[in-house]
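Hello,

Here is the structure I promised to pass on to you. Have a look at it first, and then read on for my notes.

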Amino acid sequence: MAQPSDRQYLSEVLAMTSKNKASYYRVVQGKDGDLFVGKTFSLDGKLKAEGRYKDAALTLEHGPFTFYHANGKVESQGEYDMGNKSGVWLRFDQRGRPLAEKIYNPEPLANIVYTRAGTMPRYRAGGDRELVRYIRQNVKPIAGEKLKGTITTSFIVEKDGALTDVKVVDGKSENIDQQVVQAIMASAPWEPGAERGQPVRVLMRVPVQF
């Protein structure tokens with residue numbers, strides 16, 4: 001029996017929460033090959049879900065899963081693929097009668113662009129402050145241009161650290177804006193962002209103060 005200290009407390013919608021707000025708790029109960037077996041119980045000990053996870057912290061669902069109604073009958077069964085429901089999921093009502101199946105395709109989710117991730121991307125040479133310093137060093141105004149104020153940039157850090165869709169969304173002049181874009185593009189590769197331990201695409205907005 002898992003000790004209370006080993007429990008992850010979950011809300012009514014199975015999101016992480018504090019003990020005093022919990023409706024369920026989740027524990028590790030062994031391994032299945034390279035995967036960890038996790039079980040979720042209501043606070044009075046009724047099994048709510050059981051399935052496989054990629055990590056011991058039970059944050060990334062991967063493999064077969066079963067959810068249960070409060071009366072113990074199966075609610076739904078299917079597979080997770082790196083945290084997303086995948087393929088055909090069987091569904092049942094509280095009396096065990098089959099309901100319409102649901103089909104999930106995780107592929108479109110693979111290219112979602114996050115604006116906030118659990119781990120945000122990072123410029124390898126020292127983070128945001130060093131990035132701004134690097135950009136400043138590589139932007140030279142031409143005669144007659146005033147380089148003062150803030151230029152706001154936008155770009156996507158891909159899962160491999162490459163930068164795409166680099167642009168200035170609030171700039172100064174075509175010459176300066178182009179140099180800022182070139183400097184940012186040359187700063188790749190970055191340390192990519194991650195969500196639940198997996199690399200994800202992240203949209204960055206970085207203001208550069210001159």
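Below is what I found, going from the cores to the strands and then to the charged side chains.

Please keep in mind that this is a predicted model.

Let me begin with the nonpolar cores. The largest one has 23 residues, and the members that touch the most others are Ile-135, Phe-155, Val-180 and Trp-190. Several elements supply at least two residues each to this core: the helices α1 (127-137) and α2 (174-186), together with the strands β10 (150-157), β11 (163-170) and β13 (198-209). Phe-155 is a good place to centre your view. Leaving aside residues up to four places away in sequence, Phe-155 touches Leu-163, Thr-164, Asp-165, Val-166, Ile-184, Trp-190, Val-202, Leu-203, Met-204 and Val-206. A separate core of 8 residues lies apart from this one, and its members include Phe-36, Phe-67, Tyr-80 and Trp-89. As background, nonpolar side chains in soluble globular proteins tend to be buried together.

Next, the strands β6, β7 and β8. Strand β6 (residues 74-81) pairs with strand β7 (residues 84-92) in the antiparallel sense, over 5 bridges. The two form a hairpin with 2 residues between them, and Met-82 in the turn has a positive phi of about 50°. On its other pairing, β7 is antiparallel to strand β8 (residues 98-104), again with 5 bridges. That hairpin has 5 residues between its strands, and there Gly-96 takes a positive phi near 90°. If you want to follow the register across, use Arg-91: its bridge partner is Ser-76 on the β6 side, and Leu-99 in β8. Further along, Gly-87 stands opposite Tyr-104 of β8.

Now to the charged residues. How many salt bridges are there? The count comes to 9, and three of them are described here.

One joins Arg-201 to Glu-158, with the closest N and O atoms 2.7 Å apart. Arg-201 sits in strand β13 and Glu-158 in the loop between β10 and β11, so this pair ties together parts that are 43 residues apart in sequence. Both Arg-201 and Glu-158 are buried.

Another is found within helix α1, where Arg-133 and Glu-130 form a salt bridge with closest N and O atoms 3.1 Å apart. These two are 3 residues apart in the helix, so about one helical turn separates them. Arg-133 is partly exposed at 41% relative accessible area, and Glu-130 also counts as partly exposed, at 27%.

In the third, the side chains of Asp-165 and Lys-167 meet at 3.9 Å, N to O. Asp-165 is partly exposed, with a relative accessible area of 45%, and Lys-167 is partly exposed as well, at 37%. You will recognise Asp-165 from the list of residues that Phe-155 touches.

Finally, please take a look at Arg-26, in strand β2 (residues 24-32). Which side chain of opposite charge is nearest to Arg-26? The answer is Glu-61, at 5.1 Å; Arg-26 is buried yet has no salt bridge. Not counting residues up to four places away in sequence, the residues that Arg-26 touches are Asp-6, Arg-7, Gln-8, Leu-10, Met-16, Lys-39, Thr-40, Tyr-53 and Leu-58.

Happy viewing, and best wishes

Conventions: Residues numbered from 1 in each chain as written. Predicted model: local features only at pLDDT ≥ 70, side-chain atom pairs only at ≥ 80, totals over all residues. Heavy atoms only, no water. Core = buried A, V, L, I, M, F, W, Y, C linked by side-chain atoms within 4.5 Å. Buried < 20%, exposed > 50% of the residue type's maximum accessible area, 1.4 Å probe, protein only. Helix = DSSP H or I, 4+ residues; strand = E, 2+ residues; numbered from the N terminus. Contact = heavy atoms within 4.5 Å. Pairing = 2+ DSSP bridges. Lys, Arg positive; Asp, Glu negative; His and termini not counted. Salt bridge = Lys/Arg side-chain N within 4 Å of Asp/Glu carboxyl O.
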